[in-house]
Amino acid sequence: MPPCAYTNDRGAIMTLKIENLGAIERAVKERMDRLKPAFQEALKVENERIKTRTQQGLSVDGKPFSKYSRKWAKVRKQAGLQTAYVDLTYSGDMFKAMKASFAADETSITGVISFDGKDEAKKAIENEMLGRSFFGLTDEQIEIIKNKLRNVT
């Protein structure tokens, strides 16, 4: 393989000749193969933590949601549901539709938490617009995922 030349911000040229590209490619592939299931599992776990936190009445920032309106509290009470705090759960369909999906190729992995179905996604958006910010990972959750990936051998 011919050498590659790079110029830094001071104009200095550095030549880099890569002779073991095949070994590097194999090492990257092996690492990615080990990371994929770990990332998928970590994302799945944190998706469940979002649901649990929200159903305990806490936003992504760890703060309680604003109270239900009187009208909605009455509807919930008639349905036999708790009204002491906002848990964003009526039928449970929104949380059942919340999924962690995963895509990977040879050089990248992507995880997405989203909602199956337009109706459930609409409910989530409406809750967010009402100031009930639940849909997201905390800094702690992001660090947990990063640490799990760092620890993959």
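**Exercise 1. Identify which residue of S4 stands opposite Lys99, and describe how S3 and S4 are paired.**

*Solution.* In this predicted model, Lys99 faces Ser114 of S4. Next, consider the two strands as a whole: S3 covers residues 98–104 and S4 covers residues 109–115. They run antiparallel and are joined by seven bridges. Finally, the connection between S3 and S4 is a hairpin of four residues.

**Exercise 2. Determine which elements supply the largest nonpolar core, and which residues have the most contacts inside it.**

*Solution.* The core comprises 21 residues. Within it, the most contacts belong to Leu88, Met94, Phe95, Met98, Phe115, Phe134 and Ile145. At least two core residues come from each of helix H1 (21–55), helix H3 (93–96), S4 and helix H5 (139–150). The greatest contribution, six residues, is that of H1. As a general background, nonpolar side chains in soluble globular proteins tend to be buried together.

Phe115 may then be examined individually. Leaving aside residues up to four places away in sequence, Phe115 touches Met94, Ala97, Met98, Glu120, Ala121, Ala124, Phe134 and Phe135.

**Exercise 3. Characterise the largest pocket by its volume and its lining.**

*Solution.* The volume is about 370 Å³. The lining consists of 17 residues, of which Trp72, Leu88, Tyr90, Lys123 and Asn127 are the closest to the pocket centre. By class, the lining holds seven nonpolar, five polar and five charged residues. Turning to the elements, helix H2 (70–78), H3 and helix H4 (118–129) each provide at least two lining residues. A comparison with Exercise 2 shows that Leu88 is listed both among the core residues with the most contacts and among the lining residues closest to the pocket centre.

Terms used. Residues are numbered from 1 along each chain as its sequence is written. This is a predicted model: local features need pLDDT of at least 70, side-chain atom pairs count only at pLDDT 80 or more; totals for chains, interfaces and linings use all residues. Side-chain values use heavy atoms; hydrogens and water are left out. Two strands pair if DSSP finds at least two bridges between them. A nonpolar core is a set of buried Ala, Val, Leu, Ile, Met, Phe, Trp, Tyr and Cys residues joined through side-chain atoms within 4.5 Å. Buried means under 20% relative accessible area, exposed over 50%, partly exposed in between (1.4 Å probe, protein chains only). Contact means heavy atoms within 4.5 Å. On a 1 Å grid over the protein atoms alone, a cavity is a set of points where a 1.4 Å probe fits but cannot get out, and a pocket is an open set with protein on both sides within 12 Å along at least five of seven lines; lining residues have an atom within 4 Å of a point. Grid points are joined across faces, edges and corners, and a volume is the space filled by probe spheres set on the points. Ala, Val, Leu, Ile, Met, Phe, Trp, Tyr, Cys and Pro count as nonpolar, Asp, Glu, Lys and Arg as charged, and the others, Gly among them, as polar.
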